[in-house]
Amino acid sequence: MLKGKTILVGITGSVAAYKAVDLIRRLRDAGATVKAIMTDKSKNFITPLSVSLACGAPVAADMFEEPFSHIDGPAQADVFVVAPATANSIGKFAGGIADDLLSTSFLVFRGGFVLAPAMNWRMYEHPVVKKNLASLLSQGAVLVEPQRGTLACGEEGVGKMAGVDAIIEAIIAVVTPKDLSGEHILITAGPTREPIDPVRFFSNRSSGKMGYAFARVARRRGAVVTLVSGPTAISAPEGVDVVRVETASEMYSAVMGRIDTASIAVMTAAVSDFCVAEQRSEKADKADIALLKLDRTPDILAAVGALSRRPFTVGFAAETGARIERAERKLISKGADMIVFNDVLAEGAGFETDTNVVTIITRNADATCQKEYLPLSHKEAVASAIIDSIIARRA
Ligand SMILES: Cc1cc2nc3c(=O)[nH]c(=O)nc-3n(C[C@H](O)[C@H](O)[C@H](O)COP(=O)(O)O)c2cc1C
């Protein structure tokens with residue numbers, strides 16, 4: 001998503017300055033060209049040599065010297081990110097002060113501007129800092145909120161610079177066209193857990209990666225996203241409303257309670273088909289295993305597909321083997337608009353991988369199925385291709 005983009009990274013005089021090196025490396029790994037500007041004070045925390053090695057290019061620090069000026073540096077950049085951003089530099093941006101290369105470049109730059117503040121919690125809480133930030137946000141700057149934690153000064157509070165993942169997510173969001181604005185996408189993800197007794201449950205191998213990737217991509221493209229998630233080890237995507245559930249029946253209620261406002265529903269969750277008919281209140285005896293009776297769980301996709309006013313409905317069909325005709329039948333039997341088939345045993349596909357190989361199945365006007373094969377791709381690229389296909393189908 002950052003291939004071919006040029007990112008200008010500003011580094012200011014905060015103890016978090018060393019984290020900029022990781023940010024720059026990760027941006028380059030993602031295919032971006034990175035140029036860096038350091039303030040004078042930042043050189044007390046990190047050397048220009050470390051930054052230039054990370055960038056693979058000399059760092060700019062002085063307005064009157066090479067490698068680039070306050071005019072051509074910003075002119076070539078798609079995104080300008082200041083990480084870490086000190087209270088001082090935030091104040092200068094908000095006040096229009098242009099007394100060094102960084103603050104002058106800010107006034108020249110036209111494009112997505114991202115700020116990742118880092119400072120002592122009392123500085124961050126100060127009304128002047130709040131006012132300066134509010135003023136920059138009202139002019140379109142994107143804030144990557146600092147986190148609560150133990151700060152470098154040893155105090156506890158909000159002021160720790162956001163993680164590199166969150167900063168990169170904000171940068172990607174800035175360069176992504178907002179072709180889903182006005183849409184509400186409801187996504188399910190992960191496995192469900194069906195309790196047997198207070199100690200045991202049965203579940204499946206779904207990691208939730210496909211649904212979370214979908215949520216991130218939909219959010220970046222401007223949608224309001226609700227993610228109904230079974231238990232996963234993945235952190236909540238930025239800007240997404242995450243509803244955590246455990247069982248299939250909880251997932252059903254969470255989906256049906258929110259479906260009215262959704263324009264698109266994407267069911268990636270691996271919902272358990274069975275639950276224990278009578279959950280034990282005490283740990284079951286081993287000998288009781290043969291007595292366990294199973295019930296069917298609610299069929300969430302079919303319930304959404306049967307609504308009289310339903311969103312564009314996408315189901316996922318995880319199969320073992322190339323049993324695509326089962327997925328085609330699912331498209332019809334569940335009343336879905338699209339089924340995404342994947343063979344979980346195929347190389348690079350399946351539950352715990354970051355990649356997937358899928359076939360998008362839709363219905364033609366003459367009731368035949370149309371299939372679109374996608375090659376092995378990262379789950380975010382798969383999500384993006386599915387969204388493109390949804391937009392094309394609805395056009
Ligand atoms: C050890 C030390 C750590 C500092 N950490 C921060 C910080 O995290 N955030 C901040 O806003 N200022 C911090 N400061 C103060 C800034 O370095 C100071 O305001 C400076 O003028 C910022 O200049 P700059 O914005 O041009 O880089 C720190 C100062 C010292 C001595």
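This section describes the overall architecture of the chain, two helix pairs, the residue Val21 and the surroundings of the ligand.

The structure is a predicted model. The chain contains 13 helices and 21 strands. Along the principal axes, its C-alpha atoms fill a box of roughly 75 × 55 × 40 Å. Of the 395 residues in the chain, 43% are buried. Contacts within the chain were also considered by sequence separation: among those between residues at least 6 apart in sequence, 68% join residues at least 24 apart.

Two packed helices are described by the angle between their axes and the distance between the axes. For helix α1, residues 19–29, and helix α2, residues 48–55, the axes come within 8 Å and cross at roughly 15 degrees. Because of this angle, α1 is classed as roughly parallel to α2. The crossing of the two helices is right-handed. On the α1 side, the contact is made by Ala20, Val21, Ile24 and Arg25, which meet Ser50, Val51, Ala54 and Cys55 of α2. By class, the residues of this contact comprise six nonpolar, one polar and one charged.

Val21, located in helix α1, was examined individually. This residue is buried, since 20 other C-beta atoms lie within 10 Å, and a count of 20 or more is the criterion for burial. When residues up to four places away in sequence are not counted, Val21 touches Ser50, Val51 and Ala54; these three residues are also listed on the α2 side of the contact between α1 and α2. The C-alpha atom of Val21 is separated by 14 Å from that of Thr33, a residue 12 places further along the chain.

The second helix pair consists of α4, residues 87–95, and α7, residues 127–138, whose axes are 9 Å apart and form an angle of about 50 degrees. This angle makes α4 oblique to α7, and the crossing of the pair is left-handed. The contact brings Ala87, Ile90, Gly91, Phe93 and Ala94 of α4 together with Val129, Asn132, Leu133, Ser135 and Leu136 of α7. In terms of residue class, the contact of α4 with α7 has seven nonpolar residues, three polar residues and no charged residues. An α-helix has 3.6 residues a turn, so residues three or four places apart point the same way.

Helix α4 has further packing partners in addition to α7. Its buried residues are Ala87, Ser89, Ile90, Lys92 and Phe93. Among these, Ala87, Ile90 and Phe93 also take part in the contact with α7. The elements against which the buried residues of α4 pack are β3 (79–85), α5 (101–108), β4 (112–117), α6 (121–125) and α7. Just after α4, Gly96 adopts a positive phi of about 75 degrees.

Helix α4 is also represented in the surroundings of the ligand. The ligand is surrounded by 15 residues, of which the closest are Thr12, Gly13, Ser14, Thr86 and Met119. The largest share of this shell, three residues, is contributed by α4. When sorted by class, the shell has six nonpolar, eight polar and one charged residues. Helix α4 thus appears both in the shell around the ligand and in the packing against α7.

Methods: Residues numbered from 1 in each chain as written. Predicted model: local features only at pLDDT ≥ 70, side-chain atom pairs only at ≥ 80, totals over all residues. Axes fitted to C-alpha atoms, helices over the stretch in contact; angles between N-to-C directions. Helix = DSSP H or I, 4+ residues; strand = E, 2+ residues; numbered from the N terminus. Parallel < 35°, antiparallel > 145°, perpendicular 65-115°, else oblique. Left-handed = near helix turned anticlockwise from the far one by under 90°. Contact = placed C-beta atoms within 7 Å. Nonpolar A, V, L, I, M, F, W, Y, C, P; charged D, E, K, R; others polar. Buried ≥ 20, exposed ≤ 12 C-beta atoms within 10 Å, placed from the backbone. Near = placed C-beta within 6 Å.
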